[in-house]
Amino acid sequence: MIDWYVSGTPRIAFGLLLYSLIPLLVIVLWYIRFGRLLFGDEEYLRARREQRQSFALWCALLVVQLLMLAVAITRIQRS
């Protein structure tokens with residue numbers, strides 16, 4: 001957002017998307033490994049709930065990054 005304010009166009013690289021994709025991949029791998037277990041253990045249920053919240057937050061960040069990238073690309077094409 002600071003780039004947008006200072007220079008008028010956001011300077012977002014495709015490499016920045018990796019910062020969101022890597023944690024999402026790790027969470028998906030956690031679900032593949034532990035997600036189907038049927039434990040009634042409170043620690044497991046808490047960890048599962050935290051994984052869901054973390055996944056939602058990282059997905060939201062990825063969506064924002066993709067939107068910013070789309071805006072940057074459309075501004076470059078208009079210029």
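**Figure 1. Leu-25 in helix 2 of the predicted model.** Leu-25 is placed in helix 2 of this predicted model. With a relative accessible area of 51%, Leu-25 is exposed, because exposure is assigned over 50%. Leu-25 belongs to the face of helix 2 that is turned away from the buried side of the helix; the exposed residues Ile-22, Ile-32 and Arg-33 are also carried there.

**Figure 2. The nonpolar surface patch.** Leu-25, Val-28, Leu-29, Ile-32 and Phe-55 together form a nonpolar patch on the surface. The accessible area of these residues comes to about 470 Å² in total. Helix 2, which covers residues 18–34, supplies the largest share of the patch, with 4 residues. Two patch members, Leu-25 and Ile-32, are also listed among the exposed residues on the face of helix 2 turned away from its buried side.

**Figure 3. Ser-20 and its surroundings.** Ser-20, like Leu-25, is located in helix 2. Is Ser-20 buried or exposed? Its relative accessibility is 0%, and Ser-20 therefore counts as buried, since the limit for burial is under 20% relative accessible area. When neighbours within four places in sequence are left aside, the residues in contact with Ser-20 are Trp-58, Leu-61, Leu-62 and Gln-65. Of these contacts, Leu-62 and Gln-65 are themselves listed among the buried residues of helix 3.

**Figure 4. The buried face of helix 2.** The buried residues in helix 2 are Ser-20, Leu-24, Ile-27 and Trp-30. Viewed down the helix axis, the buried residues of helix 2 lie within an arc of 115 degrees, and so they line one face of the helix. An α-helix has 3.6 residues a turn, so residues three or four places apart point the same way. Helix 3, residues 42–78, is included in what covers the buried residues of helix 2. Helix 2 itself is made up of 17 residues, and from first to last C-alpha it reaches 24 Å, close to the 24 Å expected at 1.5 Å a residue.

**Figure 5. Helix 3 and its buried residues.** Helix 3 contains 37 residues, for which a span of 54 Å is expected at 1.5 Å a residue; the end C-alpha atoms are 54 Å apart, in agreement with that value. Buried residues in helix 3 are Tyr-44, Leu-62, Gln-65, Met-68, Leu-69 and Ala-72.

**Figure 6. The salt bridge between Glu-50 and Arg-46.** How many salt bridges does a search of the whole structure find? The search finds 1. A salt bridge links Glu-50 to Arg-46, with the closest N and O atoms 3.3 Å apart. Side chains of opposite charge can pair when their charged atoms come close. The two residues, Glu-50 and Arg-46, are 4 residues apart in helix 3, which means that about one helical turn separates them. Glu-50 is partly exposed, with a relative accessible area of 41%, and Arg-46 likewise counts as partly exposed, at 39% relative accessibility.

**Figure 7. The chain as a whole.** The secondary structure comprises 3 helices and 0 strands, and the elements run α-α-α from the N terminus on. The chain has 79 residues, of which 16% count as buried. About 6500 Å² of the chain is exposed, and 67% of that area is supplied by carbon and sulfur atoms. Where contacts join residues at least 6 apart in sequence, 65% of them are between residues at least 24 apart.

Note on methods
Residues numbered from 1 in each chain as written. Predicted model: local features only at pLDDT ≥ 70, side-chain atom pairs only at ≥ 80, totals over all residues. Heavy atoms only, no water. Patch = residues over 30% accessible without salt bridge, like charges linked within 9 Å, V, L, I, M, F, W, Y side chains within 5 Å. Areas by Shrake-Rupley, 256 points an atom, 1.4 Å probe, with all protein chains shown as cover. Salt bridge = Lys/Arg side-chain N within 4 Å of Asp/Glu carboxyl O. Buried < 20%, exposed > 50% of the residue type's maximum accessible area, 1.4 Å probe, protein only. Contact = heavy atoms within 4.5 Å. Expected span 1.5 Å × (residues − 1). Arc of directions from axis to C-beta.
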